[in-house]
Amino acid sequence: MSTQKYLSNMKTFQKNLLSFIDATDKSTDYYNALLQFLKDENIINNPLELKSILYIISNITNNYHHQFNYFTKIKHLINKIRSEITKNFSNITIFNIFKSNKKLLLFLIQEHIITIDKIIASKILEYSNDTNMYSAFFYPEIKPFIKKEDIDKIKRTLPINFNQNFESKRTIGKNDDKIYKIIRHDLVDDFKGLNENKTIKNFWDKINPSIFETNTFLINQRYTKIIDYVAFYGSIKIFNYMVSENVTLQSTIWPYAIHGANTEIIDILL
């Protein structure tokens with residue numbers, strides 16, 4: 001295959017995948033078109049091209065604006081080609097392709113597309129840091145394969161009642177603190193109450209980290225502020241309330257607003 005043909009296939013796949021993710025209606029049509037393209041070009045039976053589309057899936061999951069049901073679509077696609085994935089790639093190769101996304105990794109482990117063993121457990125420990133908290137997030141899976149001193153270290157980072165709703169919180173994959181749930185759902189009256197009773201001291205306060213956070217962009221931003229988080233989730237009612245409270249709008253909000261893709265917030269920042 002020529003380089004030009006390879007690049008053309010990758011561009012077409014990405015275009016079709018984004019159309020499928022973005023579709024609010026006729027989603028099945030876009031999905032079928034995506035599968036037909038993979039079949040016509042025999043991509044899933046070509047290890048080089050298959051590996052490339054898996055990286056595209058991983059990168060889009062990490063960086064693209066998340067529609068409310070985007071991950072369901074990603075899971076559906078991966079399950080459709082799971083036999084080709086496991087046939088062509090080793091356990092560690094699959095891990096390395098998707099290691100940058102906690103939510104995808106959890107899904108792949110739950111679906112037995114990745115098998116946790118001593119090697120994968122050590123890679124998770126190696127990849128973990130104070131920001132992404134991988135070792136705490138995957139603690140139930142890696143516990144049988146790691147040393148006691150590592151177990152003790154991880155336990156110190158776990159929430160006090162981590163067993164309470166741990167699985168459901170991991171599956172949701174978002175910061176589970178009350179204030180951030182309120183922001184994500186744009187519950188402006190509840191947010192006002194937190195501000196008025198001084199639970200929120202400053203709109204520019206740094207958000208509290210959470211082992212349940214799986215959004216790669218948010219994990220990589222060490223100094224995300226409350227107002228950034230509001231812009232990231234496109235919570236326009238709360239954002240307007242902040243503006244009415246004379247919050248200072250700084251240029252650092254822009255990356256979050258772009259990810260949030262709320263045109264009203266972007267217009268306010270212009």
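Guide: A residue counts as buried when its relative accessible area is under 20%, and as exposed when that area is over 50%. Keep in mind that this is a predicted model.

Visitor: Which residues of helix α14 are buried?

Guide: In α14, which spans residues 188-196, they are Val188, Phe191, Leu194 and Asn195.

Visitor: How do you know that these buried residues are on the same side of α14?

Guide: Around the axis they cover an arc of only 115°, so they lie on the same side of the helix. Asp189 and Glu196, on the other side of α14, are exposed.

Visitor: What do the buried residues of α14 pack against?

Guide: Their partners are α13 (178-184), α16 (226-232) and α17. Helix α17 covers residues 236-244 and includes Lys237.

Visitor: What makes Lys237 count as exposed?

Guide: Its relative accessible area is 51%, and the cut-off for exposed is over 50%; therefore Lys237 is exposed. Setting aside neighbours within four places in sequence, Lys237 contacts Asp186 and Val188. Val188 is one of the buried residues of α14.

Visitor: Let's turn to another pair of helices. Why are α3 and α6 called oblique to each other?

Guide: Helix α3 (residues 47-63) and helix α6 (residues 91-98) pack at an angle of about 40°. Roughly parallel needs an angle under 35 degrees, and roughly perpendicular runs from 65 to 115. The angle fits neither class, so the pair is oblique. Their axes are 9 Å apart.

Visitor: Which residues make that contact?

Guide: From α3 come Lys51, Leu54, Tyr55, Ile57 and Ser58, and from α6 Thr93, Asn96, Ile97 and Phe98. By class, the contact has 5 nonpolar, 3 polar and 1 charged residues.

Key
Residues numbered from 1 in each chain as written. Predicted model: local features only at pLDDT ≥ 70, side-chain atom pairs only at ≥ 80, totals over all residues. Heavy atoms only, no water. Axes fitted to C-alpha atoms, helices over the stretch in contact; angles between N-to-C directions. Helix = DSSP H or I, 4+ residues; strand = E, 2+ residues; numbered from the N terminus. Contact = heavy atoms within 4.5 Å. Nonpolar A, V, L, I, M, F, W, Y, C, P; charged D, E, K, R; others polar. Buried < 20%, exposed > 50% of the residue type's maximum accessible area, 1.4 Å probe, protein only. Arc of directions from axis to C-beta.
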